[in-house]
Amino acid sequence: MVRKFVQRERARLLGELRDFLAIPSVSALPAHAADCRRAADWLAAELRRLGCPTVQLVEGRGHPVVWAESPPRSGCPTVLLYGHYDVQPPDPLDEWISPPFDPTVRDGRIYARGAADDKGQVFCLLKAYEAVRGAGAATDGGAPLNVRFIVEGEEESGGHMISDLLHAEPWRTEADAVVVADMSYFAPGIPAVYTALRGMCYAEIAVRTLRRDLHSGSYGGVAPNAIETLVRILAGLKSAEGEIQVPKLYAAVEPPTAGELKAWKRLPFDKKRFLEQEVTGKALTGLKQHSIFERVWALPTLEIHGIRGGFTGDGAKTVIPAQATAKVSLRLVPGQRFEQVAQQLTRAVAALAPRWADVEVRILHGGDPVQVDTASPAYAVLDEAFEQVTGKPAVRVRAGGSIPIVPELGLAGAPVILTGIGLPDDGLHSPNEKLDLEQLWSGIEVFSRFFELFGKKGGAR
Ligand code: BES
Ligand code: MN
Ligand code: MN
């Protein structure tokens, strides 16, 4: 049935997906605020067209949250679907083979910023709903369940809209299951559900050493250089072996269980392919005494995202910079708390700051890590859907990334299912982000199967 829907409607669906992906809804850039709204409006129009009697743009200081409810069916289970319509900035632009907001199909893949993260996956949920919905009214057939959509526009930029909304109106999380489709299969042919996400502590470290930039000949040798001071502080935050030098940072880390470690060892994994095709570097770095899965899933990280200061234009300018800033973030793992790590980082930087520098740590945003128990029957229903469509139930793995709103999505006690239909090489946040169309088509089948099965069996809580 659904396979037929997908086959029949393929050209139309692709056109719609292109329209959605063409909207440059970059939440971090104020210049794209109107585009974020256009993406929200696009979704709202689509949800109305699909017969949702309740469609709302929840407004506030940031980008709107899209909320929709299917025609109510009393006595039937409710599933809440989460995704985000905002995307990361597309730069470096010159590395894109086709422009990031001119969605282009090559070799069965659609290339665009947001193709996999997360507009393509939101689209997949929408179309899965379209495939199983009745003609609109509760009595018109279709899968016997209530579907609610919550799609935010600030996931990528640390906004507060959705978290404020869910704290003010926790009823919105009342459901028999929450599905978060913002991740990928473990590998081609191996669907996944995630048992943990890392948390985050994002900060800016600002250093000032002088009142103004100076001639590097007249004062070089005596004047403190802000960039040099900053990079020494940064270097002091991590050893060459990859151990983060923030005091007590590792104390709260809960190591993975013996069961997890054993299961991770059995996962198919081609280290050479991982290094060459995904990491695209010459060697892997980090704590060698831990496996790669432990390093990306179960240990904290500290990354420097960018450094600003001094002269970076064309040509040469001989200057001693008076100020410099770095953007850094730590990924947090179960046991760690954002607030505590923010304090630990602030203290560690203060301890590394030399007396000639004014050093400030500004915490930009953060969130706690998440762990979920996948024993709830809703997971078994999704496994069955994956099995029917792809031949395999989902493997249990962890994710290295973060989705700050996940803890709040479980506020009313519903099991939160972390999954997705992307592939590991989709290139999230990178140039030439893509989604394999076969993943999208089979994903539509998976989620519509899930809706049908969940409607019949419910979460059986
Ligand atoms: N979809 C990702 C999160 C993700 C990536 C989960 C890979 C699992 C595997 C999400 O859109 C994302 O990028 N989140 C940000 C959150 C941050 C800005 C707080 C992240 O992880 O950097
Ligand atoms: Mn995402
Ligand atoms: Mn992302």
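In this predicted model, strand 2 (residues 65-69) and strand 6 (residues 146-152) run antiparallel to one another and are joined by four bridges. Within this pairing, E69 sits opposite R148 of strand 6. The two strands belong to an open sheet of six strands, arranged in the order 1-2-6-3-7-18 with mixed pairing. Its edges are taken by strand 1 (54-58) and strand 18 (416-419); each has a single partner strand, so one side of each lacks a neighbour in the sheet. From one strand to the next, the twist averages 15 degrees. Helix 2 (residues 33-49) packs on this sheet, where strand 1, strand 2 and strand 6 are touched by the helix. The direction of helix 2 makes about 170 degrees with that of strand 1.

A second sheet is also open and has three strands, in the order 4-5-19, with antiparallel pairing. Here strand 4 (104-106) and strand 19 (434-436) are the edge strands, each pairing on one side only. Neighbouring strands of this sheet are turned against each other by 25 degrees on average, with direction ignored. Strand 4 is linked to strand 5 (residues 109-111) by three bridges, the two running antiparallel, and T104 faces Y111 of strand 5 across this pairing. Helix 12 (residues 437-457) lies across strand 4, strand 5 and strand 19, at about 60 degrees to strand 19.

Turning to individual residues, A378 is a helpful place to look at contacts between parts of the chain that are separated in sequence. A378 belongs to helix 10 (residues 377-390). With a relative accessible area of 0%, A378 falls under the 20% limit and therefore counts as buried. Leaving aside residues up to four places away in sequence, A378 touches A177, P415, I417, F450 and F454. For one of these contacts, I417, the C-alpha atom is separated from that of A378 by 8.1 Å, while the two residues are 39 apart along the chain. Two of the listed partners can also be placed in elements already described: I417 lies within strand 18 (416-419), and F450 lies within helix 12 (residues 437-457).

What about the surface? V231, found in helix 5 (residues 226-236), has a relative accessible area of 34% and is partly exposed. Together with I304 and I307, V231 makes a nonpolar surface patch of about 230 Å². The value of 34% for V231 is over the 30% required of patch residues.

How values were computed. Residues are numbered from 1 along each chain as its sequence is written. Chains are lettered from A and ligands numbered from 1 in the order in which they are written. This is a predicted model: local features need pLDDT of at least 70, side-chain atom pairs count only at pLDDT 80 or more; totals for chains, interfaces and linings use all residues. Side-chain values use heavy atoms; hydrogens and water are left out. Patches are made of residues with over 30% relative accessible area and no salt bridge: like charges are joined within 9 Å, nonpolar side chains (Val, Leu, Ile, Met, Phe, Trp, Tyr) within 5 Å. Accessible areas come from the Shrake-Rupley method with a 1.4 Å probe; for residues, only the protein chains shown count as cover. A salt bridge is a side-chain nitrogen of Lys or Arg within 4 Å of a carboxyl oxygen of Asp or Glu. Buried means under 20% relative accessible area, exposed over 50%, partly exposed in between (1.4 Å probe, protein chains only). Two strands pair if DSSP finds at least two bridges between them. Axes are lines fitted to C-alpha atoms, for helices over the stretch in contact, and angles run from 0 to 180 degrees between N-to-C directions. Contact means heavy atoms within 4.5 Å.
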